[in-house]
Amino acid sequence: MQPLPRSFYNRDTTLVARELLGKHLIRVTPEGHRIGRIVEVEAYLGPHDLAAHTAKGLTERTRIMFGPPGHSYVYMIYGIHHCLNVVTEPAGHGAAVLLRALEPVAGLTGRTSGPGLLCRAMGIDRLWNGHDLLSSDFFITDPGTAVARIVARPRIGVDYARHWARRKLRFYERGNQFVSRP
DNA sequence: CTCGGGATGCGT
DNA sequence: CGCATCCCGAGG
């Protein structure tokens, strides 16, 4: 159970997004391991992507997303839920991949289909913003198992992003019952 | 300081 | 379809 290397994240965001499917998200807690298989993601490409938070430029909120790859970007949405992203590409680029759904593997209670539910099940909140995913308590690993065919669709909830709303930057594993909105 | 709106989820 | 609930970013 080795964390994926920094070089995995330091690549084209769409490629990283697709390759994150089938990987295992792991958090080590005092109560044991929480493990989920990533089955749905969205790519946010950088400041030119009007759906990305970094389209606002470098702010306090986007500081982590503009930082080095392989770190978590966690933010609160609607005052209720949290969303977990992984930062991609070299520092300064401002891209990330949103994790949208997990297939439960171990230690997960509650639903895991949807970015807010995923965070709740994994116990992730904004205190985890900026965490290095090459750590031993919270990381992503390659289980070495096969992934079914990948489906590409427009991202969810980004209608404000004009033509970027139509780009097929949401990816999920075909036929997987844990995908939030097949 | 105020104000508008949001990469959601749930109940009606 | 309404709404909870709060943080962020923009503007005064």
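Which residues touch the most other members of the largest nonpolar core? Here is my note, point by point, with one caution up front: this is a predicted model.

1. **The main core.** The answer is Leu20, Leu25, Ile38, Val41, Leu99 and Ile140, which touch the most other members of a core of 45 residues. Two or more residues each come from the helices α1 (6-9), α2 (13-20) and α3 (115-122), and from the strands β2 (32-44), β3 (72-77), β4 (81-88), β5 (95-106) and β6 (138-141). The most generous of these is β5, with five residues.

2. **Leu25, one of the hubs.** If you want a single residue to click on in this core, try Leu25. Leaving aside its neighbours within four places in sequence, Leu25 is in contact with Arg34, Ile35, Gly36 and Ile38, and also with Leu84, Leu99 and Leu102. The list of Leu25 contacts carries on with Leu118, Met122, Phe138, Phe139 and Ile140. Apart from the largest core lies another one, of five residues, among them Ala101, Val151, Tyr172 and Val179.

3. **Helix α2.** Here the buried residues are Thr13, Val16, Ala17 and Leu20. They sit on the same side of α2, because the arc they cover around the axis is only 100 degrees. What do the buried residues of α2 pack against? Their partners are α1, β2, β4, β5, β6 and β8.

4. **The ends of α2.** At the N-terminal end, Asp12 acts as the cap, with a side-chain oxygen 3.2 Å from the backbone nitrogen of Thr14. After the helix comes Gly22, with a positive phi near 90 degrees.

5. **Salt bridges between β2 and its partners.** How many salt bridges does a search of the whole structure find? It finds nine. In one of them, the side chains of Glu40 and Arg170 meet at 2.8 Å, N to O. Glu40 is in strand β2 and Arg170 in strand β8, so to speak of distant parts of the chain is fair: the two are 130 residues apart. Both Glu40 and Arg170 are buried.

6. **A second pair from β2.** Arg100 and Glu42 also form a salt bridge through their side chains, at 3.6 Å, N to O. This pair links strand β5, where Arg100 lies, with strand β2, where Glu42 lies, across 58 residues. Arg100 counts as buried because its relative accessibility is 7%, and Glu42 counts as buried at 0%.

7. **Arg155 and Asp49.** The side chains of these two meet in a salt bridge of 2.7 Å, N to O. Arg155 is in the loop between β7 (150-153) and β8, while Asp49 is in the loop between β2 and β3, so the pair ties together parts that are 106 residues apart in sequence. With a relative accessibility of 4%, Arg155 counts as buried, and Asp49 is buried too, at 0%. As for the pairs in points 5 and 6, Glu40, Glu42, Arg100 and Arg170 are joined into one network by salt bridges that share partners.

8. **Asn176.** This residue is found in the segment after β8 (170-173). Is Asn176 buried or exposed? Asn176 counts as buried, because its relative accessibility is 11% and the cut-off for buried is under 20%. Its side chain makes a polar contact of 2.9 Å with the side chain of Glu173. The Asn176 side chain also reaches the backbone nitrogen of Phe178, at 2.8 Å. Not counting residues up to four places away in sequence, Asn176 touches Arg37, Val39 and Glu103.

9. **DNA strand C.** Which residues surround DNA strand C? They are Thr59, Glu60, Arg61, Met76, Tyr78, Gly79, Ile80 and Arg126. Of the DNA strand C atoms within 4 Å of the protein, 70% belong to sugar or phosphate, and the rest belong to bases. Two phosphate contacts can be picked out. In one, a polar side-chain atom of Thr59 lies 2.3 Å from a phosphate oxygen of DNA strand C. In the other, a backbone N or O atom of Arg61 lies 3.5 Å from a phosphate oxygen of DNA strand C.

Methods
Residues numbered from 1 in each chain as written. Chains lettered and ligands numbered in written order. Predicted model: local features only at pLDDT ≥ 70, side-chain atom pairs only at ≥ 80, totals over all residues. Heavy atoms only, no water. Core = buried A, V, L, I, M, F, W, Y, C linked by side-chain atoms within 4.5 Å. Buried < 20%, exposed > 50% of the residue type's maximum accessible area, 1.4 Å probe, protein only. Helix = DSSP H or I, 4+ residues; strand = E, 2+ residues; numbered from the N terminus. Contact = heavy atoms within 4.5 Å. Polar contact = N/O pair within 3.5 Å; in protein donor to acceptor, adjacent residues only side chain to side chain. Arc of directions from axis to C-beta. Salt bridge = Lys/Arg side-chain N within 4 Å of Asp/Glu carboxyl O. Near = heavy atom within 4 Å.
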